[in-house]
Amino acid sequence: MAIDYEGAMREAIAIAVEAKKSGDVPVGAVVLNESGEVIGVGHNLREADRDPTAHAEIVAIREAAENLGNWRLDHCTIVVTLEPCGMCAGAIAQSRISRVVFGAWDEKAGAVGSVWDLLRDPRAPFTVEVISGVLAAECAELLTDFFESFR
């Protein structure tokens, strides 16, 4: 069964809008099981929770693990509006997620191909498939609009 990455990204975009309401950077993430069902969602909560680890990916991974009753998210896919940072790439690898799908590139802190490529490093003990650029323009626009409001 093929997973609808664009549909999942549209869901992640809608979730990202929620982050914006709390003053957080609008990033959204969904974790899908191997059938494509959503088992975890998250948006940035760093400002709301005063937690530097509360990135969208971490929040979604925690929810997915809780829903599965297992920290191993083998055969799962995470769909996120922004390229994961080093912390999130590490969490993705440690949770054994098999695939990352992201929208916008993060040219400052991205760790899945732009600045670093932690998930596809040949020395890494786990291999993770990476699919980039899904609805990239829409994902980037969320961030551009958010940061323009501070100028």
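# A guided tour, starting at Asn33

Select Asn33 first: setting aside neighbours within four places in sequence, Asn33 is in contact (heavy atoms within 4.5 Å) with Ile3, Ile39, His75 and Cys76. Before you click further, know that this is a predicted model, where local features need pLDDT of at least 70, side-chain atom pairs count only at pLDDT 80 or more, and totals for chains, interfaces and linings use all residues. Residues are numbered from 1 along each chain as its sequence is written, and side-chain values use heavy atoms, with hydrogens and water left out.

**Stay with Asn33**

You'll find Asn33 in the loop between β1 (28-32) and β2 (38-43). Helices here are DSSP runs of H or I with at least four residues, strands are runs of E with at least two, and both are numbered from the N terminus. Is Asn33 buried or exposed? Asn33 is buried, with a relative accessible area of 17%; buried means under 20%, exposed over 50%, and partly exposed in between, using a 1.4 Å probe and protein chains only. Now show the side chain: one of its polar atoms lies 2.9 Å from the backbone nitrogen of Ser35.

**Hop to His75, then Arg50**

One of the contacts of Asn33 is His75, so select that next. His75 sits in the loop between α3 and β3, and its phi is positive, near 70°, in a residue other than glycine. Most residues other than glycine have a negative phi. Arg50 is another one to click: its phi is positive too, near 55°. Look for Arg50 in the loop between α2 (46-49) and α3. At 73% relative accessibility, Arg50 counts as exposed.

**Select α3 and α4 together**

Colour residues 56-68 (α3) and 86-94 (α4). These helices pack at an angle of about 20°, with axes 9 Å apart. That makes α3 roughly parallel to α4, a label for angles under 35 degrees (over 145 is roughly antiparallel, 65 to 115 roughly perpendicular, the rest oblique). The axes are lines fitted to C-alpha atoms over the stretch in contact, and angles run from 0 to 180 degrees between N-to-C directions.

Which residues of α3 meet α4? Glu57, Ile58 and Ile61 do, and on the α4 side they meet Met87, Cys88, Ala91 and Ile92. By class, this contact has six nonpolar, no polar and one charged residues.

**Zoom in on α4**

Within α4, Cys88, Ala89, Ala91, Ile92 and Ala93 are buried. Show α3, β3 (77-82) and β4 (99-104) as well, since they are among what covers those buried residues.

Then pick Ile92 in this helix. Its relative accessibility is 0%, so it counts as buried. Beyond neighbours within four places in sequence, Ile92 is in contact with Ile61, Ile78, Pro84, Ile97, Val100, Leu119 and Val128. For a distance check, go from the C-alpha atom of Ile92 to that of Ala2: they are 90 residues apart along the chain and separated by 21 Å. Following α4 comes Arg96, whose phi is positive, near 70°.

**Last stop: α1 and α5**

Select residues 5-21 (α1) and 136-148 (α5). Their axes come within 10 Å and cross at roughly 10°, and therefore α1 and α5 are roughly parallel to each other. On α1, show Met9, Arg10, Ile13, Ala16, Val17 and Lys20; on α5, show Glu138, Cys139, Leu142, Asp145 and Phe146, and you have the residues that make the contact.

Technical notes:
Ala, Val, Leu, Ile, Met, Phe, Trp, Tyr, Cys and Pro count as nonpolar, Asp, Glu, Lys and Arg as charged, and the others, Gly among them, as polar. A polar contact is a pair of N or O atoms within 3.5 Å; within protein, one must be able to donate a hydrogen and the other to accept it, and residues adjacent in sequence count only if both atoms are side-chain atoms.
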